[in-house]
Amino acid sequence: MIPLPWLLVFAAALFCIGLFGVLARKNLVAILMGVELMLNAVNVNLIAFWRYFSAAGEDSTRAWTFVAVVLVAAAAEAAVGLALIISVYRRRKTVVADELNLMKG
Amino acid sequence: MNLENLVAILPLAALIVWAVLVLLVDLWIPKSRKFITALITAAGLALSLGLTLAQNGQSRSAFGGMVAVDGFAVLLNVIFLASGLAAVALAYDYLKRMGIERGEYYALLLFSISGMMLMAYASDLIIVFLALELLSIPLYVLAGFARPRSESEESSLKYFLLGAFASGFVLYGVAMIFGATARTDLAGIVAAMGSGTGNPLLFIIGAGLLLVGFGFKVAAVPFHMWTPDVYQGAPTPVTGFMSVAVKAAGFTALLRVFTALFRGDVYADLWPLLWGMAALTMIAGNVLAISQKNIKRLLAYSSIAHAGYLLMAFVPYGTRLQGDAVASTLFYLIAYGLTSFGAWAVVVALEKNEGMGLEIEDFAGAGRRYPWLGLAMIVFMLSFTGIPLTLGFWGKLYLFRTAVEGGYIGLALVGLLTSIVSAYYYLRVLVVMYMKPGEPVAQGGPWVNILAVATAAAVVLLALFPGPILDLVSKAIMLQ
């Protein structure tokens, strides 16, 4: 069995890659991918904890419930996000975050 | 799922069923008669409001401890549903005037409110996350509702990206707390940490991440950057709804989760962070508002500043003043909600097509030409500042008292000084409305005018007799 800290470090790394993607990328689709990476890093965390707790004999079925909820919420978010990106692209012909700067002050 | 559980969340269940019905019925309503959709929506909100009031005085949990029906939830649900009614009144004529009259506005509004109600009931971190997503996702779409106006689309995208980013933090925080205690229900987490089986390191990491995530939702500095752009670009009724209801929902989450979980040692680690956040939010919100020329941006920065005042009273939540922190926050949410909806009603009344008529200079002469709207705006601006004889004064007094009694005198001082600064930009709006010549046209329609005058009357009358609200908020106790 892989030790728990390894899995946690892996999940934290995944989260940070996602975070970097959101902060550093300019393309809206890439930013959305970063957000999805962050959410899935949490799923890795939850599953790792579940394995650790069930090996220790604790009841932690809520981890599964939670993973299912997160997956559905992430899917809904991606659907709305992609729709918004397409809607912007149709009018402005760009998906670069820096070019969306009508409002200032 | 047995019947008892369903009865416990009946106001919420009824609202969700109603929202689905609105979505369906709207298909058969012709484009020229969309007011029918608005009326159906208002009826659904009123129904849910009645069911909520019938829950008054209850104190029980349902769904295996995932949901708590208590005085806190009932009072907040009344605030959310009343905000929904106000948002319908604001949009009734606005959507037609702007040429964006689509029935989805009302269905999305109902879905968002059901998410907020779920947040008020939540006593499990899974439900907190679910409620956060349910209230946010319809709002991302609502912010872009004035499509194809570019500003609206842009505001929607910004709100979406930062909102999704913030929910990532909330989620990571919840996962860490689950890892620390193997539980997600608030009572179970408290028990696990109390018995010493929990992992304190993971727990404190989780607390910090939750603070970041909720900070985004209530627009606390340094997580406030999205607010002015989103508030400016979104259709004005949606902005009004966001400035009141979403802020209230964010504070609901903070109060529910933090007052239950992060006490004792964790509180000792957290309060300096909260202190800094509250002080920065008050300072930045008020200072940045001074130079604004657009009324929507001005009110956006003002809403950031008010989030700071609310945070100020939230800081002593871990001391013996927990009851006061909760009660004063709820009191101020009511005062701020009434004032803010009224101010947005005045903005909606004076807004012109294509996002014109939103500069403060465009309000010149409005005070003399429309005496009622002008008088209402005087009340709102004074209430925002916290001048006596308005509800905002009592609200701020209560917040300051909580902060001072909690021993955070420095913070109260920051609040007092920034309140004085805020008088400058609130009064400037009144000066422009009354002292400068101009010929603005108010075309908000009857419901917007009624909303403005009614909220102004409520702000003044409730300030003369604040007893009933004080009584209400002090009874809004959380089940623990």
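Is helix α4(B) largely enclosed by the rest of the structure or not, and how many of its residues are buried? In this predicted model, 23 of the 27 residues of α4(B) are buried, so the helix is largely enclosed by the rest of the structure.

**Helix α4 of chain B**

Helix α4 of chain B runs over residues 71-97. From the first C-alpha to the last, α4 of chain B reaches 40 Å, close to the 39 Å expected at 1.5 Å a residue. The helix nevertheless carries a bend of about 35 degrees, located at B:Ala91. After α4(B) comes B:Gly99, a residue with a positive phi near 70 degrees.

**Confidence of the model**

The model as a whole scores ipTM 0.94 and pTM 0.95. For chain A the average pLDDT is 88, and 96% of the residues score at least 70. For chain B the average is 92, and 100% of the residues score at least 70. Within chain A, the lowest mean pLDDT among the elements belongs to helix α3 (residues 62-92), at 91, and the highest to helix α1 (residues 4-24), at 93. Within chain B, confidence is lowest in helix α20 (residues 467-475), with a mean of 87, and highest in helix α5 (residues 104-121), with 96.

**Overall form of the two chains**

Chain B contains 20 helices and 2 strands, whereas chain A contains 3 helices and 0 strands. Read from the N terminus, the elements of chain A follow the order α-α-α. The radius of gyration of chain A is 18 Å, well over the 13 Å that the globule rule gives for 105 residues, so chain A is more spread out than a compact globule. For chain B, the radius of gyration is 21 Å, which agrees with the value near 23 Å for a compact globule of 480 residues.

The table sets out further values for each chain.

| Property | Chain and value |
|---|---|
| C-alpha extent along the principal axes | Chain A: about 55 × 25 × 25 Å |
| C-alpha extent along the principal axes | Chain B: roughly 70 × 55 × 40 Å |
| Residues that count as buried | Chain A: 31% of 105 residues |
| Residues that count as buried | Chain B: 62% of 480 residues |

The sequence separation of contacts was also computed for each chain. In chain A, 52% of the contacts with a separation of 6 or more are made by residues 24 or more positions apart. In chain B, 79% of the contacts between residues at least 6 apart in sequence join residues at least 24 apart.

**The interface**

Contacts between the chains involve 34 residues of chain A and 34 residues of chain B. On the side of chain A that touches chain B, α1, α2 (28-55) and α3 of chain A each supply at least two residues. The most is given by α3(A), with 16 residues. By residue class, this side of chain A divides into 23 nonpolar, 6 polar and 5 charged residues. Helix α3 of chain A, which gives the most to this side, is also the element of chain A with the lowest mean pLDDT.

**Backbone features in the loops of chain B**

The loop between α9 (200-218) and α10 (226-233) of chain B holds B:Pro222. The peptide bond that joins B:Val221 to B:Pro222 is cis, with omega near 10 degrees. B:Ala219 also lies in the loop between α9 and α10 of chain B. Its phi is near 60 degrees, a positive value in a residue other than glycine.

Is B:Ala219 buried or exposed? A residue counts as buried if 20 or more other C-beta atoms lie within 10 Å of its own. B:Ala219 has 29 other C-beta atoms within 10 Å and is therefore buried.

A further positive phi, of about 75 degrees, occurs at B:Leu389, although this residue is not a glycine. B:Leu389 is placed in the loop between α16 (371-385) and α17 (391-405) of chain B. With 14 other C-beta atoms within 10 Å, B:Leu389 is partly exposed. The two non-glycine residues thus sit in contrasting surroundings, B:Ala219 being buried and B:Leu389 partly exposed.

Key:
Residues are numbered from 1 along each chain as its sequence is written. Chains are lettered from A and ligands numbered from 1 in the order in which they are written. This is a predicted model: local features need pLDDT of at least 70, side-chain atom pairs count only at pLDDT 80 or more; totals for chains, interfaces and linings use all residues. pLDDT is the predictor's confidence in each residue, from 0 to 100. Helices (H or I, at least four residues) and strands (E, at least two) are DSSP runs, numbered from the N terminus. Two residues are in contact if their C-beta atoms, placed from the backbone, lie within 7 Å. Ala, Val, Leu, Ile, Met, Phe, Trp, Tyr, Cys and Pro count as nonpolar, Asp, Glu, Lys and Arg as charged, and the others, Gly among them, as polar. The radius of gyration is taken over C-alpha atoms; the globule rule is 2.2 Å times the number of residues to the power 0.38. A residue is buried if 20 or more other C-beta atoms lie within 10 Å of its own, exposed if 12 or fewer, and partly exposed in between; C-beta atoms are placed from the backbone. The expected span of a helix is 1.5 Å times one less than its number of residues. The bend at a residue is the angle between axes fitted to the seven residues ending there and the seven starting there.
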